[in-house]
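Subject: Structure handover

Hello,

Here is the structure you are taking over. Please open it next to this email and look up each residue as you read.

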Amino acid sequence: MKKTLSSFTLLCLLLSSCQKDFSNHLENIQSISSLKSDKEVIELLILNKILVSKMQDKKENTSILLKKTNLTFFEKQQLSNILGFDTIKDCESFFEKQSTLLISIKKRYSSLPKWTKIELQNILNEIENENTNIVKKSLRMSNKCDDRFKNCSKLSNIIYTAEVIGCTTTAIGIGVVTGGWGGVFFQSICGATALEHLQAMRTECQLDYSDCK
């Protein structure tokens with residue numbers, strides 16, 4: 001009798017575990033499907049694409065400015081210009097909008113912390129491909145450098161977007177701000193690191209393009 005009860009208990013535990021795993025798997029599939037058509041995720045990709053295209057080549061003092069806890073007006077202006085913005089206000093508006101989108105996305109997808117950076121990059125790549133007009137490549141050799149630069153910029157955007165989405169699932173994500181720029185996402189530790197990485201990738205794209213030319 002005891003043996004029968006033990007077997008029954010083990011079977012129940014196994015079934016319960018399988019059901020839980022299946023539920024988690026199903027939830028993950030539904031989340032991925034929903035994420036691929038999420039208008040705010042698409043908007044975030046488009047928004048960050050602007051940053052990738054406007055950002056200046058890597059400057060030696062960028063890392064220092066991103067890590068400072070207090071910035072003077074001149075330093076704020078300097079950093080804003082390096083990131084591709086004409087004014088401090090433009091820079092603030094951009095990152096406040098980015099932060100709003102990230103917070104909203106995080107609230108809807110509880111499974112985000114379960115995804116690896118690579119998994120998220122693959123999903124974002126699919127979204128980007130589905131929402132970009134496919135243009136036939138010209139056979140002229142003169143266009144190959146432009147194509148390489150566009151592909152490099154696209155990859156930079158996907159990696160950066162995956163990193164800032166990942167920042168929303170950590171304790172050092174949105175909300176940890178310094179320097180008095182309330183709501184400016186890049187001043188969180190995680191966001192600053194993602195921006196620094198983006199600028200390095202952006203510079204590599206430009207150098208590769210120059211070598212190609």
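Below are the findings, starting with the whole chain and then going down to single residues.

The chain as a whole

Please keep in mind that this is a predicted model. The chain contains eight helices and zero strands. Read from the N terminus, the order of elements is therefore α-α-α-α-α-α-α-α, with helices and strands assigned as DSSP runs. The chain has 213 residues, and 37% of them count as buried. Its accessible surface is about 12,700 Å², and carbon and sulfur atoms account for 59% of that. Take the contacts between residues at least 6 apart in sequence: 76% of them join residues at least 24 apart.

Three residues of helix α2

Helix α2 covers residues 39-54. Three of its residues were looked at one by one, and they are given here in sequence order.

Glu-40 lies in helix α2. Is Glu-40 buried, exposed or partly exposed? Its relative accessible area is 23%, and because buried means under 20% and exposed over 50%, Glu-40 is partly exposed. Apart from neighbours within four places in sequence, Glu-40 is in contact with Leu-101, Ser-104, Ile-105 and Arg-108. As for distances, Glu-40 and Thr-100 are 60 residues apart in sequence, while their C-alpha atoms are 9.8 Å apart in space.

Leu-44 is also found in helix α2. Leu-44 has 0% relative accessibility, so it counts as buried, the limit being under 20%. Which residues does Leu-44 contact, leaving aside its neighbours within four places in sequence? They are Gln-98, Leu-101, Leu-102, Ile-105, Thr-161 and Ile-165. One of these partners, Leu-102, is 58 residues from Leu-44 in sequence and 7.9 Å from it in space, C-alpha to C-alpha. Leu-101 and Ile-105 are contacts of Glu-40 and of Leu-44.

Lys-49 has its place in helix α2 too. Lys-49 has a relative accessible area of 38%, which lies between the limits of 20% and 50%, so this residue is partly exposed. Without counting neighbours within four places in sequence, Lys-49 is in contact with Glu-128 and Asn-157. Lys-49 and Asn-157 are 108 residues apart in sequence, yet 5.8 Å separates their C-alpha atoms in space.

The end of the chain

Lys-213 sits in the segment after α8. Lys-213 counts as exposed because its relative accessibility is 61%, and the limit for exposed is over 50%. Lys-213 touches Cys-145 and Asp-146, residues up to four places away in sequence being left out. Lys-213 and Lys-144 are 69 residues apart in sequence and 9.4 Å apart in space, C-alpha to C-alpha.

Aromatic residues

How many aromatic pairs are there? The count comes to four, with ring centres having to lie within 6.5 Å. One of the pairs is formed by Phe-85 and Phe-94, whose rings are 5.3 Å apart centre to centre, with 55 degrees between the planes. This pair counts as tilted because its angle is neither under 30 degrees, which would be stacked, nor over 60, which would be edge-to-face. Phe-85 and Phe-94 are both buried. Together with Phe-95 they form one aromatic cluster.

The second largest pocket

The volume of the second largest pocket is about 190 Å³. Its lining is made up of 15 residues, and those nearest its centre are Lys-117, Ala-162, Glu-163, Gly-166 and Cys-167. Which helices each supply at least two residues of this lining? They are α6 (117-130), α7 (144-167) and α8 (189-212). Helix α7 gives the largest share, five residues. Sorted by class, the lining has nine nonpolar, four polar and two charged residues.

To go through this in the viewer, start from helix α2 and its buried Leu-44. Then move on to the aromatic cluster of Phe-85, Phe-94 and Phe-95, and finish at the second largest pocket, to which α7 supplies five lining residues.

Regards

Key:
Residues numbered from 1 in each chain as written. Predicted model: local features only at pLDDT ≥ 70, side-chain atom pairs only at ≥ 80, totals over all residues. Heavy atoms only, no water. Phe/Tyr/Trp six-rings, centres within 6.5 Å; stacked < 30°, edge-to-face > 60°. Buried < 20%, exposed > 50% of the residue type's maximum accessible area, 1.4 Å probe, protein only. Helix = DSSP H or I, 4+ residues; strand = E, 2+ residues; numbered from the N terminus. Contact = heavy atoms within 4.5 Å. Areas by Shrake-Rupley, 256 points an atom, 1.4 Å probe, with all protein chains shown as cover. 1 Å grid on protein atoms, 1.4 Å probe; cavity = no way out; pocket = protein on both sides within 12 Å on 5 of 7 lines; lining within 4 Å. Points joined across faces, edges and corners; volume = space filled by probe spheres on them. Nonpolar A, V, L, I, M, F, W, Y, C, P; charged D, E, K, R; others polar.
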